[in-house]
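I opened this one to see how the chains are put together and where they touch. These are my notes, in the order I looked things up.

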Amino acid sequence: MSNDLLEVDPIAGQGEIMEVSMGPHHPSTHGVFRMDVRLEGEKVVRLKPVFGYLHRNHEKIAEHGAYLAAIPYTDRLDYLCSMTNNWGYCLAVEKLAGITVPERAEYIRVIVAELTRFQNHAGLVGFLLQDMGASGTPLMYAFREREKVLDLFESLSGARMMCNYMRFGGLRVDATAAWLDEVRRLLPALPRFLDEFENLLRANEILMARTQGTGRLSRELAVSAGVTGPMLRASGVNYDVRKVDKYGIYDRFDFRVPLGDHGDVYDRYMMRILEMRETVKILEQALRGIPEGPIMDPKVRLRGLRPKAGEAYGRIESPKGELGFFLISDGTTNPYRYRVRPPSMINLTILEDMCLGQNIADVVVTLGSVDIVLGEVDR
Amino acid sequence: MSTLPPVEDIKAQIEAGVPGAVVTVVQNGSPSAQHSLLLGREHARDAALFLRDHAELRLDFCSLVTGVDWLDTETSEKVKVKKVVEGPDGTQQETEVEETRKTKIPGYLEAVYHLFSMEKKHGPVVIRVRTANRADYAHVPSLTPVWRSCEFQEREAFDLYGIVFDGHPDLRRILMWDGFADFPMRKDYVPPDDDALATVPHGKSPEVQA
């Protein structure tokens with residue numbers, strides 16, 4: 001959180017430069033996030049993201065607790081996607097300690113992770129349109145669907161958002177047959193919602209005018225800046241950790257990775273819609289293939305786990321991008337080093353590059369298309 | 001998807017491609033078996049460029065950058081030393097005496113980079129660069145000119161660990177506030193015993209500089 005508002009150097013001969021501090025309580029920043037913007041007229045000539053308002057040193061807290069104790073804290077990173085956060089952390093611990101996961105647990109992990117992706121993308125699309133001035137209606141449509149997924153999470157784990165559901169070696173509770181039927185009943189409604197959304201908006205003139213060509217990100221810069229997730233794929237780079245690492249059982253499912261062409265806000269918006277369709281496909285296959293069996297490796301000591309000294313990096317494709325956890329063990333019950341690779345924060349690296357030369361109103365739309373959650377940016 | 005050569009081969013390739021580079025393999029005892037490469041500070045950036053541009057490795061994606069704090073360690077061993085002592089009758093006698101000898105191994109800060117290839121879809125290759133000591137501002141070369149993704153993450157390691165990345169374009173605190181003078185992720189950091197809500201500088205010295 002650094003502030004260098006005071007050194008203003010008007011660029012000679014280019015008119016007056018105005019400093020605008022957008023945030024930390026601007027409604028479009030989706031949390032406590034600030035942008036130090038310098039404007040020439042309406043044009044952005046400099047933009048520095050400033051964050052850290054929610055910093056609580058999550059990593060230090062986790063290093064002070066046992067391996068098990070960090071799981072509920074990971075819920076609070078990207079608080080819209082607690083299930084995938086749990087998975088990323090559990091995957092890292094499983095790699096560190098050499099733990100295997102029963103097949104049924106792997107299937108349920110895929111189901112809840114894809115439901116998480118769906119509700120995150122639905123929420124994002126709603127928020128993005130809200131930022132563009134489509135006040136209320138699209139957001140309410142998106143939240144109507146998101147609500148159904150959160151109800152499922154509540155009946156499975158007891159909590160709508162802070163699920164605390166996964167454990168290294170498996171899951172905390174099993175999914176009942178009734179719950180799986182509930183998911184099966186929900187599935188046909190999801191493509192209908194997407195059709196409705198697309199019919200309304202895909203060729204909408206205002207949406208196209210505001211988003212096409214806005215916030216362009218080139219392929220080369222996206223790769224160099226470590227941008228991941230739908231944002232990377234909107235720039236045309238075919239990189240999805242589900243396909244590359246095939247963690248869990250993702251090699252068993254048939255799905256495609258949508259790719260964009262222009263790397264602008266419109267492509268990023270479409271990427272989310274298309275990914276939601278693929279998510280529905282994965283869910284259908286997972287629900288068909290789920291076997292009976294245990295959900296927890298009985299040999300795993302949840303309390304008092306002492307992995308051998310060493311280190312491991314586990315990463316998953318979270319809805320926001322590559323979510324990774326890097327752990328160093330010194331042979332005791334607490335991790336010696338616990339590090340989160342926050343996709344939201346790293347995707348912000350190129351925010352300035354995307355916004356330079358654009359109007360200030362486009363900054364709002366560009367930021368909306370990055371999909372940040374400040375709980376994860378600040379940790 | 002191609003597979004990566006073992007780290008020993010990558011080490012040999014760096015040593016052949018970057019004259020003078022010092023590379024050591026750091027073994028990893030966990031089942032993940034991700035051994036890493038420790039680069040000497042002097043040639044770290046050249047080695048990183050080599051890894052990025054190598055036609056087969058093409059490690060174009062630096063996923064994770066982080067700091068690790070390794071404290072000073074002290075090992076003690078008992079050694080038998082021959083010493084001349086004055087006996088009870090006043091004569092000089094040579095006897096064996098047991099002594100504890102302590103050796104202090106100085107700690108260091110470490111920057112760890114996880115590299116992947118988006119083009120070849122392989123990885124990770126883990127590289128580490130160590131500072132000379134655990135002084136307040138300990139230096140390593142910045143790899144931001146090689147991979148843009150290091151920009152914010154190196155700033156974070158600077159902010160929380162006090163690792164100064166030489167050559168970083170914009171090395172400022174990122175999560176803590178300006179004027180904060182300590183490095184909270186260090187293992188020997190003691191949180192101040194003051195009002196948790198007061199955002200006034202505390203700790204060692206008021207100025208923060210790279």
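**Domains of chain B.** I began with chain B, which splits into domain 1 (1–71 + 108–210) and domain 2 (73–106). Those bounds come from an automatic or database domain assignment. I took the centres over C-alpha atoms, and domain 1 of chain B and domain 2 of chain B sit 43 Å apart.

**Ground rules.** The model is predicted, so I kept to its limits: local features need pLDDT of at least 70, side-chain atom pairs count only at pLDDT 80 or more, and totals for chains, interfaces and linings use all residues. Residues are numbered from 1 along each chain as its sequence is written, while chains are lettered from A and ligands numbered from 1 in the order in which they are written.

**Chain A overall.** I found 16 helices and eight strands in chain A; these are DSSP runs numbered from the N terminus, helices (H or I) of at least four residues and strands (E) of at least two. The C-alpha atoms fill a box of roughly 70 × 50 × 35 Å along the principal axes. Of the 379 residues, 53% are buried, meaning 20 or more other C-beta atoms within 10 Å of their own (exposed is 12 or fewer, partly exposed is in between, and C-beta atoms are placed from the backbone).

**Where A meets B.** Here 38 residues of chain A contact 33 residues of chain B, a contact being two C-beta atoms, placed from the backbone, within 7 Å. Among the elements of chain A that each supply at least two residues to this side are helix H3 (82–97), strand E6 (310–318) and strand E7 (321–329). E7(A) gives the most, with five residues. By class I got 16 nonpolar, twelve polar and ten charged residues. Nonpolar here covers Ala, Val, Leu, Ile, Met, Phe, Trp, Tyr, Cys and Pro, charged covers Asp, Glu, Lys and Arg, and the others, Gly among them, are polar.

**The core.** Which residues touch the most other members of the largest nonpolar core? They are Ala92(A), Val93(A), Leu327(A), Leu115(B) and Ile163(B), out of 159 residues. Such a core is a set of buried Ala, Val, Leu, Ile, Met, Phe, Trp, Tyr and Cys residues joined through C-beta atoms within 7 Å. I then checked Leu327(A): leaving out residues up to four places away in sequence, its partners include Ala92(A), Val93(A), Leu96(A) and Tyr338(A).

**Helix H3(A).** I counted 16 of its 16 residues as buried, so H3(A) is mostly covered. Its end C-alpha atoms are 23 Å apart, in agreement with the 22 Å that its 16 residues should span at 1.5 Å a residue; the rule is 1.5 Å times one less than the number of residues. Just after H3(A), Gly98(A) has a positive phi of about 65°.

**Helix H4(A).** With 25 of its 29 residues buried, H4(A) is largely enclosed by the rest of the structure. The expected span is 42 Å, and the end C-alpha atoms are 42 Å apart. Gly133(A), just after H4(A), takes a positive phi of about 105°.

**Odd phi values.** Which side of zero is phi of Asn164(A), positive or negative? It is positive, near 50°, in a residue other than glycine. Asn164(A) lies in the loop between helix H5 (137–157) and strand E4 (166–167) of chain A, and is partly exposed, with 18 other C-beta atoms within 10 Å. Arg58(B), also no glycine, has a positive phi of about 45°.
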